[in-house]
Amino acid sequence: MSNMLDPYQIKKDFPIFSQAHPSGKPLTYLDSAATTQKPQIVINAMHGYYEKSNANVHRGIHHLGNRATLTYEGTRAKVQNFIHARSRKEIVFTKGTTESVNLVAYGFAEQRLNEGDEIVISAMEHHSNLIPWQMLCRRKKAKLRIIPMDESGTLQLDQLDEMLSERTKMIAVVHISNSLGTINPIEDIIKLAHAKDIPILIDAAQSAAYYDIDVQAWDCDFLVFSGHKVFGPTGIGVLYGKEKWLEEMVPWQFGGEMIRSVSFEESTFAESPQKFEAGTPNIAGAAGLAAAIQYIETLGKENIRQHLKALLGYATAQLGAIEGLRIYGNADKKSAIISFMLESAHAHDIATIIDNHGVAVRAGHHCTQPVMAFYGIPATARVSLSIYNSREDIDRLVEALESVRLIFG
Ligand code: 7TS
């Protein structure tokens, strides 16, 4: 059974919306792909941790230390369930998607890559899932290969199979494009990768909040996402890795928390995930992340998706009706992200003018410069919708865009 979400009810869970924009207009937040807002229970969980449980983790013995460890490790179990990982050992906390990708590039791919080898990514990767691989290829004299996309922003997967060979040592692909909204058929991509025994990383930064993730059913080797895009805090993120790979991987940061034994001559390291979590971790962030996952699970991802689908349909129709407006990214399967341009105005002008109406969108290349280069444009304005958005928000956007058209003719 699914129920349509009521965005007006949901908005009440988010204290940030109780304030007005300086213009006196309501806050119309259409930038959730950059970061989602935080419900009160996430804020409370972080407060509560500092007020009631603050101590360092994994040092046990005293009451508060135990509480802090329970909080931190409890979140690991919650994340394990959230993405259906087989073991808690497969969940590594990082500071976000970017750090997770870099960790796999250094700790895993770097160890396996030789001169002449290849790494495959897609044409729509966020810079976070591009530059770490590009730098790695440069260090190893390896080649970065790109799965092309067509004009609609759909990956041309018929070309993937022939791109893959015994030289391909790693594939890294985004689940949902942050600039185009395309939902990639990652289960198919994973199958193609595994048919040739190639490990694959999935960037779930834009999907973890809304789409069901099952790392065992998908059989992906690595999956990464950020707490702050799933209604949780900044500064905490997740790297999922198959246990066999995490065992093989080398740590890249060294210090406390990650060792088994240390002498001046030699040190040995703990098992995963501790091996990758040197230093005091983001315990308050973990407290917030657990509450965020709880919040999503209470709403239900199926309900969330229905809401976003309806909203995307409405927004696409309303924006599509504006003269001179072009939408970039028209794949068959899309998440609630719409990149667009007006004939008459630059993306930054659009964002600046509609901000005066209380409407927040992102303008720029969205950390996907190759996507902008593909379309031959410097930037787009991007609307990204979430659970607290309603049709009224889209109506406000359309009204604000009318004023842009008035100014620029
Ligand atoms: N991958 C994707 C698909 C993303 O959308 C982002 C952030 C990242 C990786 C990096 O995540 P981080 O938490 O490590 O920064 N995307 C955006 C965006 O679209 N606007 O601001 C950040």
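**Exercise 1: an unusual loop residue**

Is His84 buried, partly exposed or exposed? Place the residue in the fold and check its backbone as well.

*Solution.* Bear in mind that this is a predicted model.
- Step 1. Find the residue: His84 sits in the loop between helix H3 (63-83) and strand S2 (91-94).
- Step 2. Read its accessibility. His84 has a relative accessible area of 40%. Buried means under 20% and exposed over 50%, so His84 comes out as partly exposed.
- Step 3. Look at the backbone. The phi of His84 is positive, about 60°, although this residue is not a glycine.
- Step 4. Put that in context: most residues other than glycine have a negative phi, and most peptide bonds are trans.

**Exercise 2: two more backbone oddities**

Work out where Phe231 lies and what its phi is, then do the cis peptide bond at Pro273.

*Solution.*
- Step 1. Phe231 belongs to the loop between strand S7 (222-226) and strand S8 (237-241).
- Step 2. Its phi is positive, about 70°, and Phe231 isn't a glycine either.
- Step 3. With 0% relative accessibility, Phe231 counts as buried.
- Step 4. Now the peptide bond: Ser272 and Pro273 are joined in cis, with omega about 5°. Pro273 is placed in the loop between strand S10 (267-269) and helix H10 (283-299).

**Exercise 3: the two faces of H7**

Sort out which residues of helix H7 are buried, how they are arranged around the axis, and what they pack against.

*Solution.*
- Step 1. List the buried residues. In H7 (residues 186-195) these are Ile186, Ile189, Ile190 and Ala193.
- Step 2. Look down the axis. The buried residues of H7 fall within an arc of 100°, so they line one face of the helix.
- Step 3. Recall the helix geometry behind this kind of pattern: an α-helix has 3.6 residues a turn, so residues three or four places apart point the same way.
- Step 4. Flip to the other side. Lys191 and Ala195 are exposed, on the face of H7 turned away from its buried side.
- Step 5. Identify the packing partners. The buried residues of H7 pack against helix H6 (160-163), strand S5 (168-174), strand S6 (200-203) and helix H8 (215-218).
- Step 6. Step off the end of the helix: just after H7, Asp197 has a positive phi of about 60°.

**Exercise 4: around the ligand**

Describe the ligand's surroundings, starting with the residues that come nearest and finishing with how much of the ligand is covered.

*Solution.*
- Step 1. There are 16 residues around the ligand, and Thr98, Asp203, Ser226, Arg362 and Arg382 come nearest.
- Step 2. Classify the shell: its residues split into four nonpolar, eight polar and four charged.
- Step 3. Pick out short polar distances. Asp203 has a polar side-chain atom 2.5 Å from a nitrogen atom of the ligand. A backbone N or O atom of Thr97 is 3.5 Å from a ligand oxygen atom. For Arg362, a polar side-chain atom lies 2.5 Å from a nitrogen atom of the ligand.
- Step 4. Add up the cover: on its own the ligand has 490 Å² of accessible area, and the protein covers 87% of that.

**Exercise 5: Thr97 and Arg112 on one helix**

Compare the surroundings of Thr97 and Arg112 in helix H4.

*Solution.*
- Step 1. Thr97 lies in H4 (residues 97-112), and Arg112 is found in H4 too.
- Step 2. Thr97 has 6% relative accessibility and so counts as buried. Arg112, at 26%, is partly exposed.
- Step 3. The side chain of Thr97 makes a polar contact of 2.5 Å with the side chain of Ser226.
- Step 4. Leaving out neighbours within four places in sequence, Thr97 contacts Asp203, Ala205, Val224, Phe225 and Ser226.
- Step 5. With that same exclusion, Arg112 is in contact with Asp117, Lys169, Pro199, Trp245 and Glu248.

**Exercise 6: two buried helix residues**

Find the contacts of Phe82 and Val398 beyond their sequence neighbours.

*Solution.*
- Step 1. Phe82 is in helix H3 and is buried, at 5% relative accessible area.
- Step 2. Not counting residues up to four places away in sequence, Phe82 touches Ala208, Ile213, Phe225, Ile293, Ile296, Glu297 and Lys301.
- Step 3. Val398 is in helix H14 (residues 391-408) and is buried as well, at 17%.
- Step 4. Leaving aside neighbours within four places in sequence, Val398 is in contact with Gln318, Leu319 and Ile322.

Methods:
Residues are numbered from 1 along each chain as its sequence is written. This is a predicted model: local features need pLDDT of at least 70, side-chain atom pairs count only at pLDDT 80 or more; totals for chains, interfaces and linings use all residues. Side-chain values use heavy atoms; hydrogens and water are left out. Buried means under 20% relative accessible area, exposed over 50%, partly exposed in between (1.4 Å probe, protein chains only). Helices (H or I, at least four residues) and strands (E, at least two) are DSSP runs, numbered from the N terminus. The arc is that of the directions from the helix axis to the C-beta atoms. Contact means heavy atoms within 4.5 Å. A residue is near a molecule or strand if one of its heavy atoms lies within 4 Å of it. A polar contact is a pair of N or O atoms within 3.5 Å; within protein, one must be able to donate a hydrogen and the other to accept it, and residues adjacent in sequence count only if both atoms are side-chain atoms. Accessible areas come from the Shrake-Rupley method with a 1.4 Å probe; for residues, only the protein chains shown count as cover. Ala, Val, Leu, Ile, Met, Phe, Trp, Tyr, Cys and Pro count as nonpolar, Asp, Glu, Lys and Arg as charged, and the others, Gly among them, as polar.
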